[in-house]
Amino acid sequence: MADSQANQQARQPGGQFRLGGDLPVHRLGYGAMQITGKGIWGEPSDRDGAIAVLRRAVELGVNFIDTADSYGPFVSEELIREALHPYPENLVIATKGGLLRTGPDGWVPLGKPAYLRQQVETSLRRLGVERIDLYQLHRVDRDYPLADQVGELKSLQDEGKMRHIGLSEVDAEQIEEAGKTAEIVSVQNLFNLATRHHEAVLDYATEHNVGFIPWFPIATGELAKPGSVLEQAANEHGSSPAQLALAWLLRRSPVMLPIPGTSKVAHLEDNMAAADIELTDEEFTKLSALA
């Protein structure tokens, strides 16, 4: 696509949020986990397709891409650099560390401070940047004090190797505890229309203006089956159930930053169209009652 065409189609999906108060991102981002192989392991079956998805996401106005050193491992970060480097000036790439991969679908928390430092250094090289915009502790390792894990990230932040620090799969108490060591600007927890056991964390994030990045944001499952209430509501909107689920997330809180992931351009375009859906109060209430 020509640059002029891309610029004409570019938008600000879902409005904007400022991570840490100083880093503006469009609220509907892209999660780069699914561009790896089966079991989030190894190379994708369609490498050219993965590259195309990343480039199309930026064309559509996405300026917040979430990845992790464990996706592949390393494959997702490498693909992002291949597809998008040199990066657009406003593109924010968030990555994560703290999970050791043992094989397809195998994930083991490892929060040893020296390991976290190693992973930050290698992510910097793979992404081709001098500073990571947002670095997130992928999981809290209970074998090491949280203050030590976050403290190592704070040291790296002080060295200029990361701009902001976030956490993943934590509760409000852990955010508070981590906040004694470093400023926490985001939290990435499982959350979607059908799975809301982190409501309290979302409420905490909303109150404290902490970005909430819901992973697995389009897990509609039974809610989207033929004849379901969600499907009926989507048909009334002329949208897909996935779009409606994303629109609900964007409406749920101003700090919500959904990152739907896909390896297909068509699915990406469908997801991004959710930014154009405006739910009425009645529609939002009805959708909220589904799960």
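The paragraphs below go through this predicted model, from its overall build to a few of its local details.

The protein has eleven helices and eleven strands. Its radius of gyration is 18 Å, close to the 19 Å that the globule rule gives for 291 residues, so the protein is as compact as a globular protein of that length. Along the principal axes, the C-alpha atoms fill a box of roughly 55 × 45 × 35 Å. Of the 291 residues, 54% are buried. The exposed surface of the protein comes to about 12600 Å², and carbon and sulfur atoms supply 48% of that area. Among contacts with a separation of 6 or more, 73% are between residues 24 or more positions apart.

The next feature is the sheet. Seven strands make up an open sheet with parallel pairing, and their order is E3-E4-E5-E8-E9-E10-E11. Strand E3 (30-31) and E11 are the edge strands, each pairing on one side only. Within the sheet, strand E5 (residues 92-97) pairs with strand E8 (residues 132-137) in the parallel sense, over four bridges. One position to look at here is Lys96, whose bridge partner in E8 is Gln136. In a regular strand, side chains alternate between the two faces of the sheet.

Another pairing runs in the antiparallel sense: strand E6 (residues 99-103) and strand E7 (residues 106-109) are joined over four bridges. Leu100 has Val108 in E7 as its bridge partner. The two strands E6 and E7 form a hairpin with two residues between them, and Asp105 in the turn has a positive phi of about 60 degrees. This part of the chain also holds a contact between a charge and a ring: the charged end of Arg101 sits over the ring of Trp107, 3.8 Å from the ring centre.

Aromatic rings come next. The model has four aromatic pairs. In one of them, Phe191 and Phe212 meet edge-to-face, with 5.6 Å from centre to centre and 80 degrees between the planes. Phe191 lies in the loop between strand E10 (184-190) and helix H7 (199-208), while Phe212 belongs to strand E11 (residues 211-215), so the pair ties together parts that are 21 residues apart in sequence. Both of these phenylalanines, Phe191 and Phe212, are buried.

Phe191 also pairs with Trp248, and this pair is stacked: the centres are 6.2 Å apart and the planes are 15 degrees apart. Trp248 is in helix H9 (residues 241-252), 57 residues from Phe191, so the pair links distant parts of the chain. Why does Phe191 count as buried? Its relative accessibility is 0%, and buried means under 20% relative accessible area. Trp248 counts as buried because its relative accessibility is 1%.

Ring pairs join Phe191, Phe212, Trp248 and Phe284 into a cluster. Phe284 has a charged neighbour as well: the charged end of Arg251 sits over the ring of Phe284, 5.1 Å from the ring centre.

A last stop is Gln174, which is found in helix H6 (residues 172-178). Is Gln174 buried or exposed? Gln174 is buried, because its relative accessible area is 13%. Leaving aside residues up to four places away in sequence, Gln174 touches Val140, Arg142, Leu146, Leu167 and Glu169.

Key. Residues are numbered from 1 along each chain as its sequence is written. This is a predicted model: local features need pLDDT of at least 70, side-chain atom pairs count only at pLDDT 80 or more; totals for chains, interfaces and linings use all residues. Side-chain values use heavy atoms; hydrogens and water are left out. Rings of Phe, Tyr and Trp (its six-membered ring) pair if their centres lie within 6.5 Å; planes under 30 degrees apart count as stacked, over 60 as edge-to-face and the rest as tilted. Buried means under 20% relative accessible area, exposed over 50%, partly exposed in between (1.4 Å probe, protein chains only). A charge sits over a ring if NZ of Lys or CZ of Arg is within 6 Å of the ring centre and within 35 degrees of the ring normal. Two strands pair if DSSP finds at least two bridges between them. Contact means heavy atoms within 4.5 Å. The radius of gyration is taken over C-alpha atoms; the globule rule is 2.2 Å times the number of residues to the power 0.38. Accessible areas come from the Shrake-Rupley method with a 1.4 Å probe; for residues, only the protein chains shown count as cover.
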